[in-house]
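Visitor: Please take me through one part of this structure closely. I am new to it, so explain the terms as you go.

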Amino acid sequence: HRLEMIRLAVAELPGWTASELELARGGRSYTFDTLDGLRSAEPTSQFFFITGADAFAEVASWRRYPEVLDLAHFVVITRPGSSFDAL
(Lines give C-alpha, C1' and ligand atoms only; values in the text may rest on other atoms or scores of the structure.)
Protein backbone atom coordinates (compact mmCIF):
# COMPACT_ATOMS: atom_id res chain seq x y z
CA HIS A 1 0.00 0.00 0.00
CA ARG A 2 2.80 2.43 0.83
CA LEU A 3 4.57 1.81 -2.47
CA GLU A 4 1.36 2.42 -4.39
CA MET A 5 0.79 5.69 -2.49
CA ILE A 6 4.28 6.84 -3.45
CA ARG A 7 3.72 5.83 -7.08
CA LEU A 8 0.57 7.93 -7.15
CA ALA A 9 2.32 10.87 -5.47
CA VAL A 10 5.14 11.01 -8.04
CA ALA A 11 3.17 9.94 -11.12
CA GLU A 12 3.06 13.44 -12.57
CA LEU A 13 6.54 14.54 -11.52
CA PRO A 14 8.95 14.16 -14.44
CA GLY A 15 12.03 12.17 -13.50
CA TRP A 16 10.63 10.99 -10.15
CA THR A 17 10.12 7.29 -9.44
CA ALA A 18 9.23 5.12 -6.48
CA SER A 19 11.78 2.45 -5.62
CA GLU A 20 10.98 -1.21 -4.95
CA LEU A 21 14.47 -1.88 -3.60
CA GLU A 22 13.34 -2.70 -0.06
CA LEU A 23 10.60 -5.04 -1.23
CA ALA A 24 12.95 -6.87 -3.58
CA ARG A 25 15.61 -7.30 -0.89
CA GLY A 26 13.27 -9.01 1.58
CA GLY A 27 14.06 -9.63 5.22
CA ARG A 28 14.87 -6.91 7.72
CA SER A 29 15.21 -3.51 6.16
CA TYR A 30 17.26 -0.55 7.35
CA THR A 31 16.97 2.94 5.90
CA PHE A 32 20.75 3.29 5.66
CA ASP A 33 21.07 0.13 3.56
CA THR A 34 18.26 1.18 1.24
CA LEU A 35 19.57 4.69 0.66
CA ASP A 36 23.14 3.45 0.28
CA GLY A 37 21.99 0.94 -2.33
CA LEU A 38 20.06 3.60 -4.22
CA ARG A 39 23.02 5.99 -4.21
CA SER A 40 25.34 3.23 -5.42
CA ALA A 41 23.00 2.40 -8.30
CA GLU A 42 22.27 6.02 -9.23
CA PRO A 43 25.17 8.19 -7.97
CA THR A 44 24.07 11.32 -9.83
CA SER A 45 20.44 11.22 -8.69
CA GLN A 46 18.91 13.09 -5.79
CA PHE A 47 16.94 11.07 -3.27
CA PHE A 48 14.11 12.19 -1.03
CA PHE A 49 13.12 10.09 1.96
CA ILE A 50 9.58 10.85 3.09
CA THR A 51 8.83 9.97 6.70
CA GLY A 52 6.45 10.90 9.46
CA ALA A 53 7.45 13.23 12.27
CA ASP A 54 6.79 10.44 14.77
CA ALA A 55 9.32 8.15 13.06
CA PHE A 56 11.85 10.93 12.51
CA ALA A 57 11.69 11.81 16.21
CA GLU A 58 13.50 8.47 16.76
CA VAL A 59 16.16 9.09 14.08
CA ALA A 60 18.97 8.98 16.64
CA SER A 61 18.16 5.30 17.19
CA TRP A 62 18.32 4.40 13.48
CA ARG A 63 21.09 2.19 12.16
CA ARG A 64 24.15 4.20 11.08
CA TYR A 65 22.88 7.49 12.50
CA PRO A 66 23.98 10.21 11.79
CA GLU A 67 25.49 8.94 8.50
CA VAL A 68 22.05 8.05 7.17
CA LEU A 69 21.15 11.75 7.08
CA ASP A 70 23.82 12.37 4.43
CA LEU A 71 22.31 9.92 1.94
CA ALA A 72 19.08 11.74 1.05
CA HIS A 73 16.97 14.83 1.52
CA PHE A 74 14.64 14.01 4.39
CA VAL A 75 11.05 15.19 4.01
CA VAL A 76 9.33 15.07 7.40
CA ILE A 77 5.55 15.36 7.59
CA THR A 78 3.09 15.32 10.43
CA ARG A 79 0.59 12.53 10.78
CA PRO A 80 -2.54 12.36 12.90
CA GLY A 81 -1.46 12.13 16.51
CA SER A 82 2.04 13.55 15.94
CA SER A 83 3.54 16.99 15.60
CA PHE A 84 6.83 18.70 14.92
CA ASP A 85 7.05 19.55 18.63
CA ALA A 86 8.42 16.03 19.26
CA LEU A 87 11.40 16.80 17.04
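Guide: What follows starts at the largest pocket and then turns to a strand, a helix residue and a loop.

This is a predicted model, in which local features need pLDDT of at least 70 and side-chain atom pairs count only at pLDDT 80 or more, while totals for chains, interfaces and linings use all residues. Residues are numbered from 1 along each chain as its sequence is written, and side-chain values use heavy atoms, with hydrogens and water left out.

The largest pocket has a volume of about 1400 Å³. A pocket here is an open set of points on a 1 Å grid over the protein atoms alone, where a 1.4 Å probe fits, with protein on both sides within 12 Å along at least five of seven lines. Grid points are joined across faces, edges and corners, and the volume is the space filled by probe spheres set on the points.

The lining consists of 36 residues, and I6, S19, F48, F49 and I50 lie nearest the centre of the pocket; a lining residue has an atom within 4 Å of a point. Two or more lining residues come from each of α1 (2–10), α2 (21–25), α3 (31–41) and β1 (48–52). These elements are DSSP runs numbered from the N terminus, helices being H or I with at least four residues and strands E with at least two. By class, 20 lining residues are nonpolar, ten polar and six charged. Nonpolar covers Ala, Val, Leu, Ile, Met, Phe, Trp, Tyr, Cys and Pro, charged covers Asp, Glu, Lys and Arg, and the others, Gly among them, are polar.

Strand β1 runs parallel to β2, and five bridges join them; strands pair if DSSP finds at least two bridges between them. F49 stands opposite F74 in β2. In β2 (residues 73–77), F74 and V76 form the covered face, whereas H73, V75 and I77 form the uncovered one. In a regular strand the side chains alternate between the two faces of the sheet.

Helix α3 contains F32. F32 counts as buried because its relative accessibility is 8%, buried meaning under 20% relative accessible area, exposed over 50% and partly exposed in between, with a 1.4 Å probe and protein chains only. Leaving aside residues up to four places away in sequence, F32 touches R63, R64, E67, V68 and L71, where contact means heavy atoms within 4.5 Å.

R64 lies in the loop between α4 and β2 and is partly exposed at 39%. R64 has a positive phi of about 65 degrees although it is not a glycine. The peptide bond from Y65 to P66 is cis, with omega near 10 degrees. Most residues other than glycine have a negative phi, and most peptide bonds are trans.
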